[in-house]
Amino acid sequence: MAFAANTDRTRLMTVQSAKNPGRALHRLRRRLDSLLPIDVLSTHYPDRHGRVLLNVVLSRRAHAQIRQEAAASGAHAGEVLRERITARLAREQRERHQRLESQLRRLLTHHTPEEVLACAAGHLLQARPPV
């Protein structure tokens, strides 16, 4: 099976044929489970509803908690898991934004906005030269 790794080798990409993205993820999971310790498989492109699909391996404890919460709320376990993941991603995004704002405020106590902007632009242009 051919893989492409990202630069820090924390993510792999491969292609799996199937009738739909969900089946592709399940088929890939069956092929890889014995080879690699993978927590989450995801589709690269959104489906026709605009969602990126995930195939997640949960611990027995986490799976039982999700089922219990679903039963208590009358929802499906997948729906509860989706809500939890969505909430966690939103929280992570808020925390990242707050850290960035905090660091920017600290920079602006010692440097002018023009200095900060010029430094950031220089750094970004070094990392990604213009085409």
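**Notes on the salt bridges and a surface patch**

1. Starting with helix 3: R91 and E95 both sit in it, four residues apart, which is about one turn of the helix. The two form a salt bridge, and their closest N and O atoms are 3.6 Å apart. Keep in mind that this is a predicted model. As for exposure, R91 counts as partly exposed, at 39% relative accessibility, and E95 is also classed as partly exposed, at 28%.

2. There's another pair with that spacing. R105 and E101 are four residues apart in helix 3, so about one helical turn separates them. Their side chains meet in a salt bridge, at 3.8 Å from N to O. With the cut-off for a salt bridge set at within 4 Å, the 3.8 Å contact counts as one. R105 comes out as exposed, with 51% relative accessibility; exposed means over 50%, so the 51% of R105 puts it in that class. E101, at 34%, is partly exposed.

3. Which parts of the structure does the R84 and E69 pair tie together? First the contact: R84 forms a salt bridge with E69, and the closest N and O atoms are 2.6 Å apart. R84 lies in helix 3 (residues 77-110) and E69 in helix 2 (residues 60-73), so the pair links parts that are 15 residues apart in sequence. R84 is partly exposed, with a relative accessible area of 37%, and E69 is partly exposed too, at 33%.

4. If you're looking for linked bridges, check R88, E92 and R99: these residues are joined in a network of salt bridges.

5. How many salt bridges turn up in the whole structure? The search finds six. Among the bridges covered above are R84 with E69, R91 with E95 and R105 with E101.

6. Now away from the charges. F3, L12, L35 and L36 make up a nonpolar patch on the surface, and together they have about 360 Å² of accessible area. One of the patch residues, F3, is found in the segment before strand 1 (4-5). Is F3 buried, exposed or partly exposed? At 36% relative accessibility, F3 counts as partly exposed. Patch residues need over 30% relative accessible area, so F3 at 36% clears that bar.

Methods
Residues numbered from 1 in each chain as written. Predicted model: local features only at pLDDT ≥ 70, side-chain atom pairs only at ≥ 80, totals over all residues. Heavy atoms only, no water. Patch = residues over 30% accessible without salt bridge, like charges linked within 9 Å, V, L, I, M, F, W, Y side chains within 5 Å. Areas by Shrake-Rupley, 256 points an atom, 1.4 Å probe, with all protein chains shown as cover. Helix = DSSP H or I, 4+ residues; strand = E, 2+ residues; numbered from the N terminus. Buried < 20%, exposed > 50% of the residue type's maximum accessible area, 1.4 Å probe, protein only.
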